[in-house]
2 protein chains.
Amino acid sequence: MQRPVTSSSSKLETKDERSYANRGMTFEEDINHSNSYYLQSGKSVIHKKPTPVQIVSVDYPKRSAAVIKEAYFKQPSTTDYNGVYRGKYIDFEAKETRNKTSFPLTNFHQHQIDHMKRVIKQDGISFILVHFKSTQDIYFLDAKHLFDFWDGQQNGGRKSIPKSYFENFGSPIQLGFNPRIDYLKIIDELFFPDV
Amino acid sequence: MQRPVTSSSSKLETKDERSYANRGMTFEEDINHSNSYYLQSGKSVIHKKPTPVQIVSVDYPKRSAAVIKEAYFKQPSTTDYNGVYRGKYIDFEAKETRNKTSFPLTNFHQHQIDHMKRVIKQDGISFILVHFKSTQDIYFLDAKHLFDFWDGQQNGGRKSIPKSYFENFGSPIQLGFNPRIDYLKIIDELFFPDV
């Protein structure tokens, strides 16, 4: 399996760094494994994008690989995952929350919302996968619903999406074995009902 | 314009580092500007993926941003550019050569070819943009042609694509003002002839 992902290394396992490196790791790993399963079974071609990094300083030692000596994490301007399934462009973001009753909109940035809106205008498929950690519930929610809440928030509306909204307008995903998180099944139901 | 690209900084301007930082920069910048133009005019949503980096060591100073102290460039497992246009998944790689009469296949890795083959199987649009620096010619070539040469090479065939092949089977792109490299025009001609 080849993934263009910056993975955490053993050197990252010190206490302070652990919280960052492991933030959402299990959920993310489940999604990466699902994508890898889809890829190997020829079902889709969906990858996680590399973490955007601002490189400031690079050493070019003789006879060995270039070493990045100073770099910073950049705020992503798009979503984390994209690719192709049944000819359609697929684009999504995966998020986790410890919150039990709602999903805070602070999980997103304006430019990510802008990106997802553009994708839908281009007739692509855009959605979010949300993991409620306290109850282990996973939901697929079409990005259009997210836009409603996002735009509402700008106008003084609520700052989170109630969990009941996911229950009513999203699609629950049960954890499976292979793939672990079968989100293409939801896409089939919503976008390819005749297949 | 927000691009998830690791840009070169002034600190990269020492002599040794220049050759890496500037490799294909002008052509790449032209493509990035074209993508930005397409994005802002609502024509497509196509981005360059961040450079894949293997992060080894990160400092988390108090009261300031995390600093990556050791990282390495990773070989990309996919192509550099992807996105959506008219609902279709778009995926391509841009390459330059100083070679006057042919384009060396060493510009690609096996897993990039595998990736492009998978994209086409999923009914996505995959191609390469090649810049012949000596003559300033730019060609659009459907990835299927690249596969023929790649697979032929595995069986003892030639290790490069003759420039005459691009002239016969590719589509030339004239440098423009805005967008600089109007590759969507070629996609319209090849994939949306009725629009």
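This talk walks through the strands, aromatic rings, helices and a few backbone details of the structure above.

Before we start, please keep in mind that this is a predicted model, in which local features need pLDDT of at least 70 and side-chain atom pairs count only at pLDDT 80 or more, while totals for chains, interfaces and linings use all residues. Residues are numbered from 1 along each chain as its sequence is written, chains are lettered from A and ligands numbered from 1 in the order in which they are written, and side-chain values use heavy atoms, with hydrogens and water left out.

Let me begin with a sheet that contains strands of both chains. Helices (H or I, at least four residues) and strands (E, at least two) are DSSP runs, numbered from the N terminus, and two strands pair if DSSP finds at least two bridges between them. Here four strands form an open sheet in the order 2(A)-3(A)-3(B)-2(B), and the pairing is antiparallel. Its edge strands, each of which pairs on one side only, are strand 2 (53–59) of chain A and strand 2 (53–59) of chain B. Within chain B, strand 2 and strand 3 (residues 67–73) are antiparallel and joined by six bridges, and in this pairing D59(B) stands opposite V67(B). The loop between these two strands of chain B holds R63(B), whose phi is positive, near 60°, although this residue is not a glycine.

Now to strand 4 (residues 81–85) of chain A, where five of five residues are buried, meaning under 20% relative accessible area, whereas exposed means over 50% and partly exposed lies in between, with a 1.4 Å probe and protein chains only. Y81(A), G83(A) and Y85(A) point one way and N82(A) and V84(A) the other. On the pairing side, strand 4 of chain A joins strand 1 (residues 45–48) of chain A in the antiparallel sense over four bridges, and it joins strand 5 of chain A, again antiparallel, over five bridges. G83(A) takes part in both pairings, since it is the bridge partner of I46(A) and has I90(A) as its partner in strand 5 of chain A. Strands 4 and 5 of chain A form a hairpin with two residues between them, and R86(A) in the turn has a positive phi of about 50°. R86(A) is partly exposed, because its relative accessibility is 36%.

Which strands hold the two rings of our next pair, F92(A) and F127(A)? F92(A) is in strand 5 (residues 88–97) of chain A and F127(A) in strand 7 (residues 125–132) of chain A, 35 residues apart. Rings of Phe, Tyr and Trp (its six-membered ring) pair if their centres lie within 6.5 Å, and planes under 30 degrees apart count as stacked, over 60 as edge-to-face and the rest as tilted. These two rings are stacked because their planes are at 10°, with the centres 4.7 Å apart. F92(A) counts as buried at 0% relative accessibility, and F127(A) is likewise buried at 0%. Both belong to a cluster linked by ring pairs, which also includes Y37(A), Y38(A) and Y81(A).

Finally, a backbone detail in each chain. The peptide bond from N178(A) to P179(A) is cis, with omega near 5°, and the one from N178(B) to P179(B) is cis too, with omega near 0°. In chain A, P179(A) lies in the loop between strand 10 (171–172) and helix 6 (183–191).
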